[in-house]
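This report covers the surroundings of the ligand and one helix with its neighbours. The sequence and the model come first.

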Amino acid sequence: MFCEAARTVSRCCELTLTTREDSTGEYDMTGIPVDNAEPYVETLLDAGFRVAIAEQVEDPGEVSGVADRRVTRVVTPGTLTEDELLDGDGHNFVACLAREGSDDRRADRYGLALLDVSTGDCYVTAVEGVGAVRDEAGRFAPAEAVVGPGVDEDLAPEAFGPDCPVTAHDPATFDRPAASQRMRAYFGSSGADLATDAEGRACGALLAYAEYARGGAVEHARDGDDADDGTGARLGYINHLTRYDPREYVLLDAVALRSLELFERRAVRGVEGAALVDVLDETASALGRRELTDWLRRPLLDTDRIEARHDAVEELVGDVRTRERLHERLADVYDLERLISRVSRGRANARDLRSLMATLDLVPEVKADLADADADPLVDLRAALDELADVRERIGNAIVEDPPVELTEGGVVAEGYSDELDGLRETERAGKAWIEDLQARERERTGIDNLRVGHNAVHGYYIEVTDANVDKVPEDYRRRQTLKNAERYYTPELKAREDEILRAEGRADDLEYRLFREVRDAVAAETERVQDVAAALASLDALVSLAEVAARYDYVRPEVGADGFDIEAGRHPVVERTQESFVPNDAGFDRGEVTVLTGPNMSGKSTYMRQVALIAILAQAGSFVPAVDARLPVVDRVFTRVGASDDIAGGQSTFMVEMTELAEILRSATADSLVLLDEVGRGTSTTDGLALARAVTEYVHDEVGATTLFATHHHELTETAADLPRARNVHFSAEQVDGEVVFDHEIQEGAGTASYGVEVASEAGVPDTVVERARELIDGDGEAASDDRPRGVDRSAAANASTDRNDSATARTDTVADRGARAADGVGDLAAVVDRLKGVDLADTTPLEALNLLAELQDQVGDAS
Ligand code: ADP
């Protein structure tokens with residue numbers, strides 16, 4: 001790196017900057033070891049740079065003058081293919097967004113294309129509105145986004161989130177004709193059959209970007225092919241486009257993915273938790289792992305397709321032997337998708353070809369394992385497994401079993417594959433054998449007992465004779481080198497033999513490399529067939545994994561398409577695996593019912609809500625579910641508004657984030673959606689928060705009609721629910737055992753009790769008098785205390801409240817009534833106390849703060865009376 005680039009890189013990678021001087025003057029330079037470039041490239045990518053790699057693309061020995069150098073690769077976060085740079089064997093997507101319409105008449109409709117350059121997986125879809133782009137893109141978590149005309153700096157972060165690097169690429173590649181031409185070259189169709197123009201343009205431009213990242217056509221010229229002929233730029237392994245309609249899949253936006261922890265673990269107090277995909281992943285291969293991830297990312301809506309997967313899983317759950325056998329075989333499957341993509345890009349070495357063959361060798365066995373398969377998907381998979389005998393045979397015949405990594409130094413091509421090669425190798429061998437025998441022959445001929453035949457890199461073969469014996473040297477010996485005590489010779493015959501060996505060796509190496517490339521090209525020509533096999537193996541692995549998990553962890557086949565949730569003894573798939581014991585809970589909700597879930601902190605509200613959502617997602621992804629029995633509706637989207645404190649994004653306040661997400665839910669949820677609301681309104685004052693929570697509950701109930709779970713510490717919300725016909729209260733409670741708060745984690749009907757914070761205060765050692773007084777104050781909430789209504793009146797929420805404190809409530813009623821009477825002439829002050837009390841967010845109050853507050857309030861009330 002030179003000049004500005006050198007300065008930038010040296011700063012970023014902490015490299016020493018030096019200067020160099022030549023006819024152009026003095027300039028800065030720095031460098032990195034080429035063999036160990038990856039860590040530096042990674043650092044540069046992390047810092048937001050793209051890295052262009054330029055190489056000498058001509059053999060300097062073969063050209064006169066300056067050998068050609070070109071950029072052969074532009075490394076960007078979304079277009080990685082290097083195993084060292086890719087993060088494990090998951091997908092690495094680059095996204096591309098194009099806007100519908102011409103410059104002067106732009107619509108808020110977009111084409112979104114996604115590509116994994118390391119595997120060739122390519123998707124395209126049409127979306128309406130930037131919010132929907134974000135949702136769709138969020139599924140794929142692209143590592144980079146490419147944008148074109150009409151998508152500016154403001155729009156891009158909105159569409160892809162603040163953390164996704166955005167690259168503006170050549171606007172010309174987004175033009176309709178250019179894009180159509182590329183679509184035709186890759187997929188054999190012009191993209192005209194796509195639903196929208198923007199889809200075709202996004203996809204075409206994305207392909208152009210992938211080519212650009214591969215250094216255009218230069219790649220193919222790289223390892224010796226003739227100069228590029230203009231068609232070489234095409235990446236042959238990208239040949240299948242999945243056009244999908246977002247409406248075919250459950251919509252899981254980035255917020256839902258994150259809060260349900262489908263893929264990302266979230267560290268809790270420094271301890272890394274597990275994500276859903278982790279507890280579900282019993283796949284044996286990288287192919288299967290990616291497939292399973294994809295199924296979770298895009299759960300199905302179509303009941304038939306869902307049930308087909310369940311059929312396959314059921315069969316594999318029942319047939320332990322087949323399942324285990326398949327798992328064992330699949331464990332030997334190499335990453336066929338990445339292998340074939342390397343083959344197709346001309347980057348595969350001989351080992352890659354052998355790995356590919358080894359994987360294909362398993363296919364007949366896998367088919368045999370599936371011989372008795374009954375379930376449709378398994379039968380289809382068996383049929384889709386092409387044995388590719390021709391490809392296997394070709395590789396097996398041509399490439400030695402354990403080839404070297406280097407391609408140009410021979411040892412790659414098997415004996416018997418090419419007569420010409422075998423001839424050359426024979427010449428080489430015969431020559432070497434002749435030389436091996438030479439020493440003995442010459443000793444005999446010359447009578448020199450210590451005559452020695454040797455070889456060195458500079459002079460080649462020689463015959464060495466010590467000074468004492470030089471007089472016995474025959475006439476045909478020519479002097480080659482003089483040592484301290486000896487002379488080295490050659491003979492014309494030795495020279496001829498040596499030349500012959502060298503010629504044969506050189507020609508053989510060249511020939512091997514040529515033959516290897518022929519084989520690689522032949523395999524590349526079968527890319528699509530190999531990809532089909534890869535896809536079938538991937539699905540099979542994913543199904544086997546689902547079955548393994550179902551069998552091992554006691555999952556049950558859910559019935560989908562019901563008119564509501566009816567889950568018996570459901571469990572949270574992740575929590576049940578990460579802690580010693582887990583309390584199963586039922587869940588029964590009618591379609592469109594709003595359920596208000598109350599309970600103290602840590603009683604299990606979030607776990608319960610997430611468990612319901614995860615069971616729905618698992619079922620629709622094709623998995624069995626952790627429950628004793630489950631009847632489930634087909635959910636079109638899962639919305640979450642969970643955890644107020646942990647997602648402060650892009651400088652927005654927590655409350656703003658909360659409200660933005662809420663707005664989206666209220667706008668987009670349908671009667672088929674599942675909505676999880678956790679502590680909505682927490683980020684603002686209690687009065688506002690409660691008012692919002694009430695309004696939201698009513699709106700969801702009256703207008704949206706989505707099946708909704710609303711967890712809240714606002715006990716008042718239970719009253720709202722009690723008033724609505726399709727709303728219900730359920731609760732978790734806590735008990736005090738030997739002075740400790742104990743949660744049973746059992747969901748119960750009704751509204752529960754409100755005064756939990758006081759239990760904590762009591763547990764924390766707050767004096768009994770204070771605790772008692774607090775209980776009184778809570779039971780006599782502002783409304784009642786200020787209008788003198790006697791306590792213990794049967795309000796709607798209290799009617800279905802659990803009754804663990806009802807006995808003592810009667811006793812306390814008198815006390816509060818007395819106090820009310822005593823306070824009669826100080827009503828104004830009492831109202832002030834009540835207002836202050838109402839303003840307290842118990843969930844955010846420490847026992848000590850509560851204690852102080854109580855003391856102040858007591859003073860205030862004391863003064864009043
Ligand atoms: P909340 O949302 O009410 O504050 P959480 O759902 O976060 O409570 O649960 C708190 C903790 O309780 C969890 O981390 C988990 O360890 C435990 N927990 C929750 N539900 C159950 C259950 N059904 N069985 C056993 N433990 C549970």
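Helices (H or I, at least four residues) and strands (E, at least two) are DSSP runs, numbered from the N terminus. Just after H1, Glu-14 takes a positive phi of about 55°. The model is predicted, so local features need pLDDT of at least 70 and side-chain atom pairs count only at pLDDT 80 or more, while totals for chains, interfaces and linings use all residues. Residues are numbered from 1 along each chain as its sequence is written, and side-chain values use heavy atoms, with hydrogens and water left out.

Helix H1 spans residues 3-13, and its buried residues (under 20% relative accessible area, 1.4 Å probe, protein chains only) are Ala-6, Thr-8, Val-9, Ser-10 and Cys-13. They pack against strand E2 (25-29) and helix H2 (38-46), where contact means heavy atoms within 4.5 Å.

The ligand is surrounded by 14 residues, counted when one of their heavy atoms lies within 4 Å of it. Gln-579, Val-583, Met-602, Ser-606 and Thr-607 are the closest. Helix H22 (residues 605-621) gives the most to this shell, with 3 residues. By class, the shell has 4 nonpolar, 9 polar and 1 charged residues; Ala, Val, Leu, Ile, Met, Phe, Trp, Tyr, Cys and Pro count as nonpolar, Asp, Glu, Lys and Arg as charged, and the others, Gly among them, as polar.

The table lists polar contacts (pairs of N or O atoms within 3.5 Å) of ligand oxygen atoms.

| Residue | Partner atom | Distance |
|---|---|---|
| Met-602 | polar backbone atom | 2.7 Å |
| Lys-605 | polar backbone atom | 2.9 Å |
| Thr-607 | side-chain N or O atom | 2.5 Å |

The protein covers 79% of the 560 Å² of accessible area that the ligand has on its own (Shrake-Rupley method, 1.4 Å probe).

Key: Polar contact = N/O pair within 3.5 Å; in protein donor to acceptor, adjacent residues only side chain to side chain. Buried < 20%, exposed > 50% of the residue type's maximum accessible area, 1.4 Å probe, protein only.
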